[in-house]
Structure formats: structure tokens, C-alpha cells
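Let's take a walk through this structure, one piece at a time. Keep the viewer open and follow along.

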Amino acid sequence: MVVSGLVVLGTVALHANSAPTLATQALARTADQANERFFDCLSDQARRLVSPSEPIHIRADGLEQIVYLEGSVGAWASLIPGAEPARATLVMAAGGGPGSCSGYVLSVERTGRL
Amino acid sequence: MTANVVRTVVVLSLAGVLPSVAIAGVRPVTLAVAPLSGAAIAALAATCCLATAGDLWTWFLALGALGAVAVIAWWALSPGSRPWPGAPGAWSWPQVGGMALIAAAVVWSLRGLSGPDVGFDARMLWVLRGAWFVHGHDAARAVMSNPTYKFAEPSFPPLLGAASGVGWVVNGMAAGSAASYRLGQIVIGVLNGCALVALGAAILQVPNPVTYRAGRSGGAASRGAASGGAGSLPAIRGGSRRIVHMSAAVVAALLCLAAAGSAGRYLTNGFADAPWVFAAAFAVVFGLFLPVTPPNLGVAAIGVAVAGQIKLEGTATAGAIVVLVALRYAMEVPPRRRRRVAAVAGCAGLVLLAAWPILTTVLHALPDADTSGPRSGTIDQRLHATVHALAGYLHLVPVAAAMAIVGALVLRVSRRQLGLGGDLTLWLVMACNLMVVGGTYVFGTTLIRLWLGVSADRVVLFAVVMALVDVAVWSMVAMNLLLPGALHGDRAGERPAAGDPGASAARLPAGGPAPALDGGGPCVLHPPL
């Protein structure tokens with residue numbers, strides 16, 4: 001019983017720290033780190049375009065871009081429901097050049113009136 | 001960043017230290033649970049912020065001060081409730097050495113924190129929500145029913161975001177900055193580490209026969225013996241005692257390594273699965289395995305408070321633990337008045353756990369995106385896919401079940417002599433957790449294969465850790481039986497060795513003649529070594 005218990009615990013501990021397991025985790029970590037750089041880049045760009053107190057809408061081409069935009073600004077921007085009027089809309093679109101984030105650029109559309 | 005993390009953990013610990021000492025006693029495990037108590041207070045502060053007015057920091061300060069004043073007043077009015085001097089042996093070298101080994105294993109497991117690794121869910125769900133509470137009641141209230149924030153699941157519990165939010169305020173960080181997410185990742189990792197150390201500390205206390213007897217005799221003896229220090233192993237001779245402590249430390253460290261390894265990168269990437277699982281795991285060991293003493297129940301209460309405020313399946317599992325701990329207390333402590341105490345405490349615990357879900361329901365918070373809307377696939381298809389996916393990660397459970405059956409058949413008497421509760425409750429909690437998780441998948445609405453593909457490996461973590469805990473506990477029970485001078489009596493007709501007080505002491509029925517033999521005092525016949 002003692003031996004089998006130690007073997008079970010030891011095997012799980014060793015397997016979890018084995019080279020293949022760690023390599024798989026490292027791959028996932030690398031992907032998440034790339035995601036994180038993308039999120040932070042979008043957040044920095046958005047901060048240059050809108051202020052935290054400004055009620056905004058967001059718009060992007062697909063669900064994936066919407067999710068990235070939400071995750072980038074969700075903690076500090078004032079996102080309001082689409083049914084409510086907003087002075088500004090943060091728009092994410094494919095594009096290059098200075099200030100682009102992995103092939104995407106942000107811009108802001110202002111309506112001027114509510 | 002290191003200074004920011006230290007400041008955050010110190011502030012959380014300061015808020016949690018007096019309540020932790022009051023209910024868990026002066027012993028090494030209290031060091032590990034103090035930051036967790038602070039995080040639980042932060043979660044409560046977030047709940048109050050959402051329910052009434054103000055912001056996270058104001059409520060955190062108010063609740064922290066209230067807790068400290070309440071504890072000091074309690075100690076002043078009831079001197080017998082003071083937890084000092086500490087339990088005999090609680091800070092002995094073997095005990096501290098065991099804790100050091102456990103801490104080393106945990107620190108090594110947390111090496112992933114050295115680099116930035118904020119997981120997708122950590123950013124979108126768990127850390128992000130701290131910003132709402134930092135910004136105050138109006139912001140938090142507006143988010144709850146704002147469909148734009150559906151991606152962040154506003155109805156999910158607040159503990160991890162609240163703990164991160166406290167760190168942002170303490171360090172003057174802007175919510176939503178890259179540094180704030182990194183701080184959240186590390187704070188969550190540190191909370192994981194604290195919960196793992198508490199789990200290891202629980203295993204250190206398993207080979208402790210006198211705990212049971214003294215724990216029944218109440219008062220200072222109960223509090224002292226419950227700490228599980230070296231001095232509370234009088235039934236075992238010196239050399240054997242050292243072997244017991246060393247083996248317990250090795251098993252505890254192995255358990256921590258195995259549990260941390262099972263969590264994989266979810267241990268350090270800010271996800272919510274590992275922290276609630278480890279908190280619930282040490283609550284199970286302290287509340288359902290170790291002897292029923294106030295300090296042990298106190299540690300279990302902290303684990304439940306943490307697990308129940310992190311994730312919804314943690315809330316459900318914590319509720320099951322509360323019910324089982326209350327039932328155990330009611331059954332093991334005979335007087336009827338104490339049964340009422342168990343019922344009242346259990347109901348109070350359930351009400352506190354339900355506070356957040358009830359509040360979000362009252363506020364018409366957005367429903368969970370995975371369980372609302374039209375269902376994808378039939379129930380039958382979803383059930384089949386769920387069983388297939390979860391079973392693929394539960395290889396360890398049959399192994400633990402086999403050990404539990406053998407242990408129940410061969411080592412039952414030894415387990416009772418050690419004062420340990422039966423492990424049926426552990427399996428009940430595990431079954432409850434799997435039913436909640438499985439039921440959510442089956443009756444949820446999201447595309448099942450996609451959903452299982454991104455989450456099945458982490459939602460089984462509680463079952464895996466419970467299996468590891470059961471293996472560790474039975475190993476300690478078996479190891480204790482092998483030691484010369486340790487407990488005997490599983491085999492019919494076995495006699496204690498002549499001149500071996502430990503063997504005869506261990507045969508005393510729990511709660512029976514022991515207190516009388518000891519003159520009603522704390523272990524007169526078996527003074528702490």
C-alpha cells in the first residue's frame with residue numbers, strides 16, 4: 001500500500017514534469033504570449049484614440065476580432081450596449097503600417113452628435 | 001514587479017491574518033492561509049461594492065478592519081479563545097522542516113510565474129473583472145446587465161479579480177494595463193501556491209494519533225494537539241516519530257508536486273481552475289479527514305470561503321463540503337446543542353456561498369453564455385461526448401478507488417485510531433463535482449465538442465486532486481502501521497509490544513476513557529515529548 005501510494009504520487013509528479021509534457025505546455029505558453037502582445041498592442045492603440053470615460057461602441061469584421069477588441073479595452077473603456085447612442089465607435093480593421101498590431105489597425109469614428 | 005507582488009500579498013495577508021489566527025490557531029498552516037483569507041475578504045468586498053455603493057478598496061479596508069476588531073474584541077472578552085501560546089510542537093523542527101520541504105516543492109512548481117503568461121480566460125474573465133470593482137459600484141452595476149460585456153461573463157464569482165484589484169490599488173496601477181494583467185497572473189499564482197502549501201500541511205497532520213483523543217477532550221488540549229506538532233506523537237518512540245515525520249513530509253511534498261503537475265500551466269497562467277480546486281482540497285482534508293477540532297474546522301472554513309468565491313463549480317462543490325462537514329460534526333459531537341450549532345453553521349455557510357449567485361440573479365446579470373440560448377445538439381449526443389471526454393482525463397480515479405477499497409478492507413481500524421474521518425465523504429464530494437461539471441456540459445448550450453476541447457482537461461482537476469489526496473492519506477495510514485512502536489491492531493489477536501505505551505494508548509476508544517485516564521487534563525499520561 002505504501003509503495004503503491006508512493007509510486008502513484010511519484011509517477012504523476014514525474015509525468016507532469018516530463019520533457020514532452022513541458023514541451024507541450026511551452027508551445028501553449030508561446031501562443032498565449034503572442035496573444036498577449038496582440039492584446040496589449042491593441043489596448044495601447046485604443047488608449048490613444050478614446051478616453052476611459054468616453055462611452056464607445058466597438059466594431060470589427062468578424063467575431064474573432066470583436067473578441068480581441070473586447071479583451072483589449074474591456075477593463076478600462078466604457079463600452080455601452082449597441083442599442084444606446086455613442087459619440088465614438090472604435091473600429092478594428094485589417095491594415096499595415098506604423099501603429100498596426102499583427103496586421104490590424106484601430107481607428108475611431110465620431111458622430112459629432114448623439 | 002516583484003515589489004508590486006510583495007506589496008499585494010502583504011496587504012492581503014494583513015487583512016486575513018487575525019481572522020486566520022483566530023480560527024486556525026498559531027501554527028505553520030496559518031501562514032499559508034492568511035493571504036487566502038485576505039483574498040476571500042477582497043471577494044466579499046467586491047460583493048458588497050456591487051450590492052450597495054462604494055468601491056473595492058473602501059470595502060476591503062472596512063471589512064478588513066471589521067474582521068480585525070471583531071477578533072481582538074473576541075479575544076479580549078473571552079480569554080480562553082486566545083490561540084496563544086501556540087500548540088505544543090506546532091513549531092518544532094520536524095514540523096517546520098516538513099513545511100519547508102512542502103514550500104520548496106510548491107515554489108519549484110510555480111517556476112512558470114517567472115515569465116509573462118496571462119492565459120486567454122485570465123484576461124477575458126478572471127483578472128479583468130477586478131477593474132469593475134476598482135471603478136466602483138456604478139461601473140460594476142452597469143456591467144452586470146450590459147450585453148457588450150457578455151464576453152466577460154459578469155455573473156461569475158469575483159475573488160480572483162478582487163484580489164488582483166486590491167493589488168492594482170495598492171500599487172497605483174491603471175486597470176487594464178499590461179502590468180496590471182501580469183500582476184494579476186502572479187497574484188493568482190501565489191494564491192495557488194498558498195493553497196497547495198495548506199494541502200501539504202494537512203497531510204503532515206495525518207499521522208497523529210493523539211490528535212483524536214485530545215481533540216475530544218476539548219479546550220487547550222484540543223487546540224494544542226490539533227496542530228499536529230512533533231510533541232503530539234507521544235505514542236510513537238523517538239526514532240519512529242522522526243520516520244513518521246519524514247515520511248509524512250515526503251508524501252506531502254510528492255502530493256503537492258503531483259497536484260501542481262496535474263494542473264499544468266493552469267497553475268501559473270491566471271486561470272481560475274487551480275485555485276478553487278486546491279482550496280477545496282485542503283478544505284476536504286481539514287474538514288472531512290482530520291479530527292473534528294475547532295482549528296481544523298477553521299482551516300476548512302477558509303478553504304470553503306476561497307473555493308466558493310472563485311468559480312461557479314467551486315461554489316457548488318464548496319456547498320457540498322459545507323453540508324458534509326456539518327453532518328460529520330453533528331454525528332461525531334454527541335450533545336444535541338452541538339448538532340444545532342452544526343446546523344446553524346452549515347446553513348450560514350451555505351447562505352454566504354450563495355450570496356454572489358443570489359446577488360447577480362437579483363441584479364439580472366447576463367446569463368452564462370455557455371448555458372443560455374438555443375442548445376447545440378441533443379442531450380444524448382452531449383452526454384455521450386461529455387462522458388467520453390471527461391473519462392479520458394480520469395485514469396487516476398480507478399487507481400485511487402482500488403487503493404481506497406483495499407484501505408477500507410485492511411486499514412480501517414488504523415485509520416480510525418489515527419482519528420481520521422472516512423474517505424467516503426471525499427468520494428461524495430468528487431461525485432458531486434463531476435455531476436455539476438457533467439450536468440453543465442450536458443444541459444448547456446454551446447457547441448459541445450468545441451467546449452469540451454477547450455475545457456475538459458481543467459474541469460476534471462478537482463477529481464484528479466481528490467484521487468491524489470486519497471492515495472496520499474491511505475499511504476500515510478499504511479506507513480504508520482509499518483513503523484515499530486506505532487499503532488497496531490488491524491489484525492485480530494495482535495498484541496501491543498510489552499512496555500509500548502503507544503500501542504496501548506492507541507487502543508483506547510476515541511472519546512472514551514482517555515480523558516478520564518488523563519485525569520481530564522491534556523494528556524497527563526502522555527505528555528508532549
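Start with a bridge in the sheet of chain A: A:Ile56 has A:Ala88 in strand 3 of chain A as its bridge partner. Bear in mind that what you're looking at is a predicted model. Another pair to click on is A:Arg59, which sits opposite A:Val91, again in strand 3 of chain A. Zoom out a bit and you get the pairing of strand 1 (residues 55-60) with strand 3 (residues 88-94) of chain A: the two run parallel and are joined by five bridges.

Now hop over to the next pairing. Strand 3 of chain A also pairs with strand 4 (residues 104-110) of chain A, this time in the antiparallel sense, with seven bridges. For a handle on that one, look at A:Leu90, whose bridge partner in strand 4 of chain A is A:Val108.

So how are the strands of chain A ordered in the sheet? The order is 2-1-3-4, in an open sheet of four strands with mixed pairing. Strand 2 (78-79) and strand 4 of chain A are the edge strands; each has a single partner strand, so one side of each has no neighbour in the sheet.

Next, the helices that go with this sheet. Helix 2 of chain A lies across strand 3 and strand 4 of chain A, at about 25 degrees to strand 4. Helix 3 of chain A lies across strand 1 and strand 3 of chain A, and runs at about 150 degrees to strand 1.

These two helices also meet one another. The axes of helix 2 (residues 19-49) and helix 3 (residues 63-73) of chain A come within 8 Å and cross at roughly 70 degrees. An angle between 65 and 115 degrees counts as roughly perpendicular, and therefore helix 2 and helix 3 of chain A are roughly perpendicular to each other. Their crossing is right-handed. On the helix 2 side of chain A, the residues involved are A:Phe38, A:Phe39, A:Leu42, A:Ser43 and A:Ala46, and they meet A:Tyr68, A:Leu69, A:Gly71, A:Ser72 and A:Val73 of helix 3. By type, the residues of this contact split into seven nonpolar, three polar and no charged.

Step back to see chain A as a whole. It has three helices and four strands, and from the N terminus on the elements run α-α-β-α-β-β-β. What about the overall dimensions? The C-alpha atoms of chain A fill a box of roughly 75 × 30 × 20 Å along the principal axes. The radius of gyration of chain A is 22 Å, whereas a compact globule of 114 residues would come out near 13 Å.

Chain A touches chain B, so have a look at that contact too: 31 residues come from chain A and 42 residues from chain B. On the chain B side, helix 5 (120-126), helix 12 (238-263), helix 18 (396-410) and helix 22 (461-482) each supply at least two residues. Helix 22 of chain B gives the largest share of that side, eight residues. The side of chain B that touches chain A is made up of 29 nonpolar, 10 polar and three charged residues.

Helix 22 of chain B has a partner inside its own chain as well. Its axis and that of helix 20 (residues 424-443) of chain B come within 9 Å and cross at roughly 170 degrees, and the two helices are therefore roughly antiparallel. Among the residues that meet here are B:Leu426 and B:Val429 in helix 20, and B:Phe462 and B:Ala463 in helix 22 of chain B. This contact divides into eight nonpolar residues, one polar and one charged.

Conventions: Residues numbered from 1 in each chain as written. Chains lettered and ligands numbered in written order. Predicted model: local features only at pLDDT ≥ 70, side-chain atom pairs only at ≥ 80, totals over all residues. Contact = placed C-beta atoms within 7 Å. Nonpolar A, V, L, I, M, F, W, Y, C, P; charged D, E, K, R; others polar. Axes fitted to C-alpha atoms, helices over the stretch in contact; angles between N-to-C directions. Parallel < 35°, antiparallel > 145°, perpendicular 65-115°, else oblique. Pairing = 2+ DSSP bridges. Left-handed = near helix turned anticlockwise from the far one by under 90°. Rg over C-alpha atoms; globule rule 2.2 N^0.38 Å.
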